[in-house]
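Got your viewer open? Let's take a walk through this protein, one selection at a time.

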Amino acid sequence: MLVRLLRRYLEPYWPLLVGVVVFQTAQTLASLYLPTLNADIIDRGVVTGNTRYVLVTGLWMLLVALGQVVTTVVAVWLGARAATGFGRDVRAAVFEHVAALSEREVGRFGAASLITRTTNDVQQVQMLVLMGATLLVASPITAVGGVVLALQQDVGMAWVLVVAVPVLLGAVGAIVARMVPQFRLMQVRLDAVNRVLREQLTGVRVVRAFVREPVEEQRFAAASSDLTATALRAGRLMALMFPTVMLVMNASSVAVVWFGAHRIADGDLQVGQLTAFLSYLVQILMAVMMTTMLAFLLPRAAVSADRIGEVLEAQPSVVPPSAAEAVREADLDPALRGTVELRAATFCYPGAEEPVLHEVSFTAAPGTTTAVVGSTGGGKTTLVNLLPRLFDATGGQVLVDGVDVRRLDPDVLWDRIGLVPQRALLFAGTIASNLRFGRPDATDAELWEALEVAQAADFVRAMPGQLAEPVTQGGTSVSGGQRQRLAIARALVKRPAVYVFDDAFSALDTATDARLRAALDAADGVRGATRVVVAQRVATVVSADQILVLEHGRVVARGTHAELLETSPEYSEIVTSQLSAAEAVA
């Protein structure tokens with residue numbers, strides 16, 4: 001997967017990579033040339049007392065060293081540009097793909113794991129690209145060129161290279177082979193830490209309400225300890241690598257000096273040649289050491305690439321229609337605008353023994369309100385999630401404006417529906433930016449109109465910034481009831497043809513609920529629209545044009561409030577559990 005990821009997302013940066021190759025080659029050749037010049041200064045200048053040769057050759061060494069510095073800086077800059085661009089593109093690709101996944105796929109990966117894959121995993125592969133651009137060209141040229149030039153200085157000590165290089169490669173290979181499973185486990189442990197931390201931050205009120213801080217601290221400590229233990233195991237292996245490299249390098253240097261001194265004493269070798277050979281030996285072993293750094297990054301990057309690939313290769317269960325088959329705005333019948341119909345709609349989660357919904361059928365016409373009631377776990381939220389295609393029905397059909405939602409252009413479908421979810425969520429920004437989420441061009445007057453209908457205008461006016469009042473992530477800066485009313489106002493600003501309220505009035509007191517429903521009935525943008533309301537509170541649904549009673553995923557009764565009181569024992573039980581007999585028939 002790593003190779004495919006690099007091939008796909010590095011392709012736009014091939015000019016930068018070509019520049020890296022050119023400048024890295026130039027700086028490597030310059031570094032290889034310097035020991036030869038140094039040997040000439042010693043043997044032809046210092047030993048013979050030729051000061052002029054020392055100065056001229058020394059000046060030439062300075063120019064070569066300056067060229068090496070310039071080419072190195074340019075090569076690293078080009079490599080950094082390519083690596084950061086690669087990381088940006090991969091993160092964007094993962095984000096866009098996750099946005100296209102349905103709730104089923106997102107739930108399979110988990111939010112904590114997706115965050116880790118989008119940030120830490122991409123960073124690991126990006127670091128490999130950066131280090132590869134820096135070392136992948138320089139190390140092989142240094143190693144091969146160093147061997148050739150070292151042999152030009154003296155063939156008699158070539159045995160040191162023959163022994164040192166294989167020993168170093170074997171030792172490093174053994175260490176890297178044991179590091180791979182630790183890196184894979186480390187990413188899993190990191191997912192676990194992110195998951196626990198995310199749960200504790202989002203559920204901090206529940207934790208405090210049940211005085212569970214000590215337990216949660218222990219749970220986080222356990223996850224953190226697991227990550228620490230895995231990181232320490234990988235760190236111990238990594239700690240062996242550099243001492244091993246330095247041991248081989250220093251032992252080789254001692255061998256060269258020891259045996260080289262005897263050859264100088266015998267007159268078979270000059271001091272400058274020994275110095276150059278020693279320099280080339282160090283460069284060769286340093287190249288091997290730099291390659292080991294790349295080998296150190298490679299296993300973890302490979303693991304991260306596999307995790308990124310799992311996300312990118314995940315196929316969404318909700319697939320948009322092809323461009324040729326998609327039904328667009330111009331193809332729809334204006335007379336059916338806002339009409340919602342379910343025809344024997346069935347939904348079953350993968351691996352579940354029983355469907356959540358069993359052949360649910362109903363029609364909701366524009367200007368009417370359809371309420372869905374039933375016991376907890378009866379499938380009410382799943383039903384309304386089928387309308388905007390958060391899930392696809394596994395059987396039957398879901399139609400909006402007379403067209404199967406699987407054939408509708410997604411933008412057209414989402415433009416038709418204004419969803420107020422069961423859990424109201426606001427985004428970091430301001431009151432105005434949240435209200436304009438569905439319609440960015442809405443005016444301030446339209447925002448205030450929606451706030452008035454949603455019974456939110458009073459508390460927004462009381463805020464210091466009013467529409468410009470900051471909102472924290474998740475909307476935690478306002479109460480649950482205020483957050484729910486702002487979510488309703490957000491849907492009103494959009495002015496869709498179909499409003500879907502998924503238990504959107506549960507956090508409101510009965511008086512506010514009544515005022516809100518009355519304002520919705522009178523509002524111009526809502527009166528002619530289709531309304532589908534999921535509610536637990538009977539008072540919210542008594543005035544609905546039709547009420548569906550959902551039990552275990554089946555519609556067991558339908559009708560108006562008065563009709564169901566006479567014909568449906570299930571509905572009567574729900575009503576009598578909340579209202580007195582006099583209130584129920586009032």
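## First stop: a helix over the sheet

Start by selecting helix H16, which lies across strands S6 and S9 (498-502) and runs at about 175 degrees to S6. Keep in mind that you're looking at a predicted model.

Now bring up the whole sheet. It is an open one with 6 strands, in the order S6-S9-S10-S3-S11-S12, and the pairing is mixed. Why do S6 (417-420) and S12 (554-559) each have one side without a neighbour in the sheet? These two strands stand at the edges with a single partner strand each, so one side of each is left free of a neighbour there. Step along the sheet and you'll find that neighbouring strands are turned by 15 degrees against each other on average, direction ignored.

## Second stop: the S11-S12 end

Select S11 (residues 546-551) together with S12: they pair in the antiparallel sense over 5 bridges. For one pair to click on, take Val549, whose bridge partner in S12 is Ala557.

Next, pick Gly553, in the loop between S11 and S12. Is Gly553 buried or exposed? Gly553 has a relative accessible area of 0%, and being under 20% counts as buried, so Gly553 is buried. Show what surrounds Gly553: leaving out residues up to four places away in sequence, Gly553 touches Val356, Leu357, His358, Val360 and Gly378. Try a distance too: Gly553 and Thr382 are 171 residues apart in sequence, but 9.2 Å apart in space, C-alpha to C-alpha.

## Third stop: the cores

In soluble globular proteins, nonpolar side chains tend to be buried together. Here, the largest nonpolar core has 53 residues, and the members touching the most others are Leu451, Leu467, Ile488, Leu492, Phe501 and Tyr571. Helix H16 (residues 480-494), your starting point, gives this core its largest share, 7 residues.

Zoom in on Leu467. Which residues is Leu467 in contact with, leaving aside neighbours within four places in sequence? They are Thr430, Ile431, Ala432, Leu435, Asp444, Leu447, Trp448, Leu451 and Val460.

Another core, of 37 residues, lies apart from that one; to find it, select Met157, Val172, Met179 and Val248, which are among its members.

## Last stop: a cavity

How many cavities of 30 Å³ or more does the structure hold? There is 1. The largest cavity has a volume of about 30 Å³. To see its lining, select Leu386, Phe391, Asp392, Ala393, Val398, Asp404, Val405 and Arg406.

Terms used
Residues are numbered from 1 along each chain as its sequence is written. This is a predicted model: local features need pLDDT of at least 70, side-chain atom pairs count only at pLDDT 80 or more; totals for chains, interfaces and linings use all residues. Side-chain values use heavy atoms; hydrogens and water are left out. A nonpolar core is a set of buried Ala, Val, Leu, Ile, Met, Phe, Trp, Tyr and Cys residues joined through side-chain atoms within 4.5 Å. Buried means under 20% relative accessible area, exposed over 50%, partly exposed in between (1.4 Å probe, protein chains only). Helices (H or I, at least four residues) and strands (E, at least two) are DSSP runs, numbered from the N terminus. Contact means heavy atoms within 4.5 Å. Two strands pair if DSSP finds at least two bridges between them. Axes are lines fitted to C-alpha atoms, for helices over the stretch in contact, and angles run from 0 to 180 degrees between N-to-C directions. On a 1 Å grid over the protein atoms alone, a cavity is a set of points where a 1.4 Å probe fits but cannot get out, and a pocket is an open set with protein on both sides within 12 Å along at least five of seven lines; lining residues have an atom within 4 Å of a point. Grid points are joined across faces, edges and corners, and a volume is the space filled by probe spheres set on the points.
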